[in-house]
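Below are my notes on the structure, set out as numbered points for discussion. Please read them alongside the sequence and the coordinates.

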Amino acid sequence: MTESFRRVRAISKSTFRESIRSKVLYAVVLFAVLVIAVSGIFGSVTIGDQVRVMKDFGLFSLSLFSVLYCVISGSTLLHKELAKKTILTILARPVRRWEFLAGKFFGMFFTAVVLLLLMATGLSIFLYLFEGSFDQRMLLAYYHIGLELLIVCAAVIFFSSIVVTPMLIGLFSFGIFLAGRSLDLLLYFLDEEIVVGFGATVIQAMYWSLPHLNSIHVSDALVYDVPLSELHTVWGTVYSVTYSLFLFLIAQKLFQRREVS
Amino acid sequence: MSEHNRNALEVSGLSYRYRGNWLQDSGLILNDVSFSVREGESFGFLGHNGAGKTTTIKAILGLTRPTTGSITLFGRDNRDPDVRKLIGYVPEQPYFYDHLTVRETVTLFAHLAGVPQDQVSSSVTTALDAVHLLPRGKSPLRSLSKGLTQRVAMAQAIVGDPKLLILDEPFSGLDPLGRKEFKDLFFELRQREKTLVISSHILEDIEFLCSRASIMVRGEIRALLDLSQLHDNVDRCYEITVEQSSGDEAFRRLCEQRFGGVGESTFRCSTQGSSCRYEFSERSHAEEALALALQEQISISLYRASHGSLEDLFVKLVQEKAS
């Protein structure tokens with residue numbers, strides 16, 4: 001087990017280094033900071049609470065940019081390994097395929113977390129300049145965005161193990177994020193009986209199989225002071241970890257069967 | 001059983017069929033490949049391009065799943081990932097992570113090979129030193145030439161001191177100095193009783209480094225050779241060299257009158273620069289040709305009886321299969 005852990009850590013460290021040394025990461029951070037700064041302008045022309053608009057827009061930007069980064073960098077992660085054949089030298093060592101996949105997953109997730117922390121620090125400083133105080137509830141929002149990223153990273157790894165084209169991996173993974181955020185829409189179709197019969201069964205299956213990112217996402221509730229249950233974060237964490245683990249287990253099963261030549 | 005009698009690698013009845021999709025035909029890439037390599041032995045793996053050498057190596061490493069057959073490494077099934085702790089591998093075209101430095105790359109492989117944590121740094125230094133890359137430790141891989149990348153490939157293969165090294169075209173991209181250094185390294189590894197499996201197109205290197213070799217032609221093992229007895233397996237040849245300025249045309253006419261035309265298998269003729277080389281398969285024919293040349297006062301610049309080389313045998317086997 002210790003040896004497995006060392007191998008996973010070595011691969012994730014290499015993946016993390018690759019991301020940290022890539023210019024794309026810094027371009028995303030810069031762009032996100034610019035967008036957050038623009039939110040100040042939006043806030044100033046909005047009737048009502050300027051800070052609330054800035055928080056809403058800032059958290060939306062944080063979530064969107066970190067998910068986009070995961071999708072863009074993650075979609076080429078396995079593809080590059082197979083195309084450049086770097087995977088051959090890795091798997092020629094006593095590395096189990098699940099260890100390789102886990103290393104890639106953690107490397108990508110840690111990079112996404114670092115990106116999120118950088119952007120969150122920028123947003124917090126920006127809000128501090130406006131409010132003159134630090135809203136601790138924002139930490140909870142950042143944490144829940146992190147949980148979303150966990151699921152998105154697992155989805156990227158899942159699609160990478162079954163789809164060859166990076167474009168499709170990216171589209172499917174981002175699709176999962178959008179669908180997970182819009183699950184309420186599916187319920188609307190069922191509640192209003194717009195879709196019935198077999199269609200309703202399909203929608204119900206989709207509802208239960210897609211990740212419930214709409215429930216994990218708490219930014220709106222925090223910005224608009226909607227009370228949250230104390231267990232919300234606990235359940236959110238348990239759900240995200242379980243869902244990601246489930247996706248990872250399927251991914252490694254599929255990757256096990258894949259020829260790497 | 002003594003260590004030298006034990007097999008480091010045993011491949012038996014290995015076949016691999018490429019699994020095409022519904023638009024593509026599947027093709028037999030390897031057909032009933034069997035051979036074994038003893039511990040401490042240097043084994044050459046020869047074959048033309050597309051013969052199936054790399055596919056065999058990938059099957060040994062568990063990267064591709066053979067259709068039939070079995071592979072054992074040190075008596076254990078090759079599908080057990082732990083057995084790969086005993087193997088170092090240099091791929092045909094080594095690709096590594098561009099974003100890492102030379103030292104970071106070899107350190108990554110030291111961790112993957114299971115080198116104990118407290119020995120990683122010293123193992124990496126030893127491996128880099130062995131391939132003369134120690135001063136380039138901080139260079140990013142993207143800045144290295146093909147030859148230097150080949151050295152990194154060698155360093156990552158030997159880090160952790162594996163018992164078996166599988167080297168797919170290890171001399172590729174190396175300059176003459178690099179080739180010499182690699183050969184010295186291989187000799188040192190041999191002295192330390194490491195098992196080497198070397199796949200190469202450069203037959204001289206195999207002849208020089210290995211004690212046994214297999215020749216693979218179109219997915220089949222055509223010959224398993226003890227290279228110390230190679231000369232017994234390859235036909236001798238008697239060679240007469242005549243300078244073109246010293247009556248080469250006259251000599252050729254004489255030979256044709258006496259032995260029939262070129263290509264009637266009595267003798268072969270080839271031009272090399274300003275001289276012509278006549279090869280006779282029979283000693284009596286060569287001596288008769290020499291006597292004719294002396295009689296006609298044609299100047300002979302060289303006469304020798306030569307052993308056929310591994311290259312001769314290789315070409316013969318490949319041509320046999322093709323015909």
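1. In this predicted model, the side chains of Glu3(A) and Lys85(B) form a salt bridge, with an N to O distance of 2.8 Å. The pair crosses between chains, since Glu3(A) belongs to helix H1 (residues 2-20) of chain A, while Lys85(B) sits in the loop that runs between strand S5 (76-77) and strand S6 (87-90) of chain B. Glu3(A), at 34% relative accessibility, counts as partly exposed, and Lys85(B) counts as partly exposed as well, at 29%.

2. A salt bridge within chain A joins Arg7(A) to Glu99(A), and here the closest N and O atoms are 2.7 Å apart. Because Arg7(A) lies in helix H1 of chain A and Glu99(A) in helix H6 (residues 97-131) of chain A, the pair ties together parts that are 92 residues apart in sequence. As for their surroundings, Arg7(A) is buried and Glu99(A) is buried too.

3. Which residues are linked with Glu3(A) in a network of salt bridges? The network consists of Glu3(A), Arg7(A), Glu99(A) and Lys85(B), and it therefore takes in the pair that crosses between chains, from Glu3(A) to Lys85(B). Over all chains, the structure holds 30 salt bridges.

4. In chain B, the side chains of Asp205(B) and Lys183(B) also meet in a salt bridge, with 3.1 Å from N to O. Asp205(B) lies in helix H6 (residues 203-209) of chain B and Lys183(B) in helix H5 (residues 176-191) of chain B, so that this pair ties together parts that are 22 residues apart in sequence. Both Asp205(B) and Lys183(B) are buried.

5. Two packed helices are described by the angle between their axes and by the distance between the axes. For H6(A) and H13(A), the angle is about 130 degrees and the axes are 9 Å apart, an arrangement that is therefore oblique, as the angle does not pass the cut-off of 145 degrees above which helices count as roughly antiparallel. The crossing in which H6(A) passes H13(A) is right-handed.

6. Helix H3 (residues 50-75) of chain A packs against helix H8 (residues 166-181) of chain A at an angle of about 150 degrees, and the axes of these helices are 8 Å apart. H3(A) and H8(A) are therefore roughly antiparallel to each other, and H3(A) passes H8(A) in a right-handed crossing.

7. How are helix H9 (residues 183-191) and helix H10 (residues 198-209) of chain A packed, and at what angle? Their axes are 10 Å apart and meet at an angle of about 155 degrees, so H9(A) and H10(A) are roughly antiparallel to each other. The crossing of H9(A) and H10(A) is left-handed.

8. On the surface of chain A, Ile162(A), Phe246(A), Ile250(A) and Leu254(A) make a nonpolar patch of about 330 Å². Helix H13 (residues 232-256) of chain A gives the most to this patch, with three residues. Leu254(A) is found in helix H13 of chain A and, at 30% relative accessibility, counts as partly exposed.

9. Most residues other than glycine have a negative phi, and the backbone of chain B deserves a look in this respect. Phe74(B) has a phi near 50 degrees, which is a positive value in a residue other than glycine; Phe74(B) lies in the loop between S4 and S5 of chain B and is buried, with a relative accessible area of 15%. Glu193(B), likewise a residue other than glycine, has a positive phi near 65 degrees. Glu193(B) is placed in the loop between H5 and strand S8 (195-199) of chain B, where, at 43% relative accessibility, Glu193(B) counts as partly exposed.

10. A last point concerns strand S4 (residues 68-73) of chain B, in which Thr72(B) lies. The C-alpha atom of Thr72(B) is separated by 8.2 Å from that of Ile60(B), a residue twelve positions away along the chain. At 25% relative accessibility, Thr72(B) counts as partly exposed.

Methods:
Residues numbered from 1 in each chain as written. Chains lettered and ligands numbered in written order. Predicted model: local features only at pLDDT ≥ 70, side-chain atom pairs only at ≥ 80, totals over all residues. Heavy atoms only, no water. Patch = residues over 30% accessible without salt bridge, like charges linked within 9 Å, V, L, I, M, F, W, Y side chains within 5 Å. Areas by Shrake-Rupley, 256 points an atom, 1.4 Å probe, with all protein chains shown as cover. Salt bridge = Lys/Arg side-chain N within 4 Å of Asp/Glu carboxyl O. Helix = DSSP H or I, 4+ residues; strand = E, 2+ residues; numbered from the N terminus. Buried < 20%, exposed > 50% of the residue type's maximum accessible area, 1.4 Å probe, protein only. Axes fitted to C-alpha atoms, helices over the stretch in contact; angles between N-to-C directions. Parallel < 35°, antiparallel > 145°, perpendicular 65-115°, else oblique. Left-handed = near helix turned anticlockwise from the far one by under 90°.
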